[in-house]
Amino acid sequence: MSRSVANETLLGTVTKLLWSNKNDQFRVLEWIPDIPREGRPNQREKLLGYWDNPRIGARIEVVGFWQKRNGTQEIQFRAQHIQEILPEDASGLLAWLEGGAVKGIGKVTAKKLVERFGTELPQILDTNLDAIALCGIGKKHRERIRQGWATAQATRIILQFLRRVGIGSERSRSVWKRFERRPEIQGDPSALVARLEDNPYWLTEVPGIGFVLADQAAGKLGIPADSSYRIDAGIRHVFGKWVEEGHVWMPVQDMLRQSTDLLGVPFDRVRGRLEAQIEGNRFVQEGNLVASRGMAKIEHSLAEEIVRLCAPIPQPIPVLLPSGFVPDPDQESALQTILRSGFVVLTGGPGMGKTTLIRACVLSAKAEGLRVLLCAPTGRAAKRMSEATGHPAATIHRALGWGMDGPQYHKEHP
């Protein structure tokens, strides 16, 4: 696609949702702009952009440009930002609420509220929400509306900040959800914006906003390149990339060198900030290696659990072999080790007999009346394991009963 004109800000009304990408909130919409293109009064146009909560009938403000779609003469508006605006008249306000703009307010409740309070409803929701009890709305329902209205208003405030620093409006809801319960914020979006203006690197905690986007925002806010906030965030970013490659501990010199290259600040300045983060217990140093406190704690906990599990079992399990299987000396030794140990790692290349040994272990354990649980990282691997052993297998997540609140089965509930 090719850009044709400079950015402009337009108001309009959404008439249709043509396409939606649920993964990244990219939308293709049909809309009627208040200021139409020349020669097209009241004509429906195509609008492309990111919008986290698209609604037909919504009044929106968009910032972007008209462009011609590649290979066609079709003109469409490419929005860099889409923001829903609060209608000013009662009928528009009713349609806005009926469309689900505020969680807790459905069509019936919206009609009651607008009929009672008219265009003063937003002010009532802002300053005297308990007054809506006059519409027969109970306490629990009022609390849901209070939370929904607060989220809607907070999202608008944060969206304006994100737009100012060059971050897409589709992140606004995620930013608010990430920080609204912080003690420093206490549900106040203005307090959050003030914090972000001081330290935009908070944004690196939000999924989809990494160091690069936060650094761009910091540049627009005039944060100095050698700011402690920036250097600390850069160090965490470098370590995060290291972890993504499968590591836990990182050589100190590698961290300092990569962070210095990323940030473009003096080496000694980076070293001083790393030492400060170690003193502040955000990072842990052991010899010439460093790790985040969280990763180090996970590794140490796993090591302790492995040591605990490695104790030999009280009574070795007698070997029972699958029909027709005659193990070679290495396989027989491995099988004996498995059946008398509390914890074993079995490795080997393709065709070495790992699956057959697992099958022998299952047969031996079941013959002794023991419970057997087989699990694998993926559904496909679990299915293959079940077919090979004749015993049910599950994914690790399913075996642990993992849900929204964590695992159902754990140390206190094995």
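Colleague: Which backbone oxygen does the side chain of His391 reach?

Modeller: That would be the backbone oxygen of Val372, at 3.0 Å. Keep in mind that we're looking at a predicted model.

Colleague: And where does His391 sit?

Modeller: You'll find His391 in the loop between α14 (379-389) and β11 (393-395). Setting aside residues up to four places away in sequence, His391 touches Val362, Lys366, Val372, Leu374 and Ser386.

Colleague: How do you know whether His391 counts as buried or exposed?

Modeller: Buried means under 20% relative accessible area. His391 comes out at 12%, so it counts as buried.

Colleague: Okay, on to Glu45. What makes Glu45 buried?

Modeller: The cut-off is again under 20%. Glu45 has 4% relative accessibility, so it goes in the buried group. Glu45 lies in strand β4, residues 45-50.

Colleague: Which side chain does Glu45 join in a polar contact?

Modeller: The side chain of Arg37, at 3.1 Å. Why call that a polar contact? The N or O atoms have to be within 3.5 Å, and 3.1 Å fits that limit.

Colleague: What else does Glu45 touch, beyond residues up to four places away in sequence?

Modeller: Its contacts include Leu29, Glu30, Trp31, Pro33, Arg40, Trp66 and Ile75, and Arg37 is on the list too.

Colleague: Trp31 is on that list. How many aromatic pairs turn up in the whole structure?

Modeller: A search of the whole structure finds 7. One of them is formed by Trp31 and Phe77, with 5.9 Å centre to centre and 55° between the planes.

Colleague: Why is the pair of Trp31 and Phe77 called tilted?

Modeller: Planes under 30 degrees apart count as stacked, over 60 as edge-to-face, and the rest as tilted. The angle here is 55°, so tilted is the word that fits. As for counting as a pair at all, the centres must lie within 6.5 Å, and 5.9 Å passes.

Colleague: Which strands does the pair of Trp31 and Phe77 come from?

Modeller: Trp31 is in strand β3 (residues 26-33) and Phe77 in strand β6 (residues 75-84), so the pair ties together parts that are 46 residues apart in sequence. Trp31 is buried, at 0% relative accessible area, and Phe77 is buried at 0% as well.

Colleague: Which residues form an aromatic cluster?

Modeller: Trp19, Phe26 and Tyr50 form one.

Colleague: Let's try Val14. What makes Val14 buried?

Modeller: Its relative accessible area is 2%, and buried means under 20%, so Val14 qualifies. Val14 lies in strand β2, residues 8-21. Leaving aside neighbours within four places in sequence, its contacts include Leu29, Trp51, Ile56 and Ile60. Arg55 is also among them; the C-alpha atoms of Val14 and Arg55 are 7.2 Å apart, with their positions 41 residues apart along the chain.

Colleague: Now the helices. Why is α8 called roughly perpendicular to α10?

Modeller: The axes of α8 (residues 228-244) and α10 (residues 267-279) come within 10 Å and cross at roughly 75°. Angles from 65 to 115 degrees count as roughly perpendicular, so that is the label for α8 and α10.

Colleague: Which residues make the contact?

Modeller: From α8 it's Ser228, Ile231, Asp232, Ile235 and Arg236, and from α10 it's Arg269, Val270, Arg273, Leu274 and Gln277. They divide into 4 nonpolar, 2 polar and 4 charged.

Colleague: Which residues does Met255 contact, leaving aside neighbours within four places in sequence?

Modeller: Ile235 and Leu274 are among them, and so are Val238, Phe239 and Phe283. Met255 lies in helix α9, residues 252-263. At 1% relative accessibility, Met255 counts as buried.

Colleague: What stands out about phi of Gln186?

Modeller: Most residues other than glycine have a negative phi. Phi of Gln186 is near 50°, a positive value. Gln186 sits in the loop between α5 (172-179) and α6 (189-198).

Colleague: How do you know whether Gln186 is buried or exposed?

Modeller: Exposed means over 50%, and Gln186 has 69% relative accessibility, so it counts as exposed.

Colleague: And why is Asn281 called partly exposed?

Modeller: Asn281 has 41% relative accessibility, which falls between 20% and 50%, so partly exposed is the label. Asn281 is in the loop between α10 and β8 (283-286), and its phi is positive, near 70°.

Methods: Residues numbered from 1 in each chain as written. Predicted model: local features only at pLDDT ≥ 70, side-chain atom pairs only at ≥ 80, totals over all residues. Heavy atoms only, no water. Helix = DSSP H or I, 4+ residues; strand = E, 2+ residues; numbered from the N terminus. Buried < 20%, exposed > 50% of the residue type's maximum accessible area, 1.4 Å probe, protein only. Contact = heavy atoms within 4.5 Å. Axes fitted to C-alpha atoms, helices over the stretch in contact; angles between N-to-C directions. Parallel < 35°, antiparallel > 145°, perpendicular 65-115°, else oblique. Nonpolar A, V, L, I, M, F, W, Y, C, P; charged D, E, K, R; others polar. Polar contact = N/O pair within 3.5 Å; in protein donor to acceptor, adjacent residues only side chain to side chain. Phe/Tyr/Trp six-rings, centres within 6.5 Å; stacked < 30°, edge-to-face > 60°.
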